[in-house]
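Trainee: Could you take me slowly through one part of this model, starting with the aromatic rings and then going on to a sheet? I would like to follow each step of the reasoning.

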Amino acid sequence: QAELQFSTSNDLLNQAISSGSLWLHGGAVAIIVERNGREEYLSVCHTKEPDRERYLSFAYTFEAEPPFRITSWSPALGLQGKIQMAMGVDIVQQQDEDTAEDSESGRRELMVSYGSEDKTMRLA
């Protein structure tokens, strides 16, 4: 039988869920990122409004060490469709336009794969 080893919470997330206005649904496998000089995990999840077919997706970060506290929670991501289920996340380093090579100074973009309207896979 599994034994609970760590538990964490976030006041804003708990407030939204406990009010019954959102149900927390699935998400993506987390990736390690550097944020504020520290390694953290980054992931996306989606919520559902009860009694409505409306989903919203959010990015969040959490500590890379136990107890894995949630450290940030984004506003809703601007994904297409009223039914949107974030499924994957990655950070892509953009190439330097002058040299066509990857550059540490190049722009980094968050890429999110998600299902839209229970019909189409999309990448944002």
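Mentor: In this predicted model, ring pairs join Tyr 41, Phe 58, Tyr 60, Phe 62 and Trp 73 into a cluster, and the structure as a whole holds 4 aromatic pairs. Take Tyr 60 and Phe 62 as the example: their ring centres lie 5.8 Å apart and their planes meet at 25°, so this pair is stacked, because planes under 30 degrees apart are counted that way. Tyr 60 is buried, with a relative accessible area of 17%, and Phe 62, also at 17% relative accessibility, counts as buried; the limit behind both statements is 20%.

Turning now to the sheet, we find an open one of 3 strands in the order β6-β9-β10, paired in the antiparallel sense. The strands β6 (84-93) and β10 (120-123) stand at its edges, each with a single partner strand, so one side of each has no neighbour in the sheet. From one strand to the next, the twist averages 15°. In general, the strands of a sheet pair through backbone hydrogen bonds, in either a parallel or an antiparallel way. Here β6 and β9 pair over 9 bridges in the antiparallel sense, and Val 89 stands opposite Val 112 in β9.

Strand β9 covers residues 108-116, and Ser 116 belongs to this strand. Ser 116 is buried, with a relative accessible area of 3%, and, leaving aside residues up to four places away in sequence, Ser 116 touches Gln 80, Gly 81, Ile 83 and Arg 122.

Key. Residues numbered from 1 in each chain as written. Predicted model: local features only at pLDDT ≥ 70, side-chain atom pairs only at ≥ 80, totals over all residues. Heavy atoms only, no water. Phe/Tyr/Trp six-rings, centres within 6.5 Å; stacked < 30°, edge-to-face > 60°. Buried < 20%, exposed > 50% of the residue type's maximum accessible area, 1.4 Å probe, protein only. Helix = DSSP H or I, 4+ residues; strand = E, 2+ residues; numbered from the N terminus. Contact = heavy atoms within 4.5 Å. Pairing = 2+ DSSP bridges. Axes fitted to C-alpha atoms, helices over the stretch in contact; angles between N-to-C directions.
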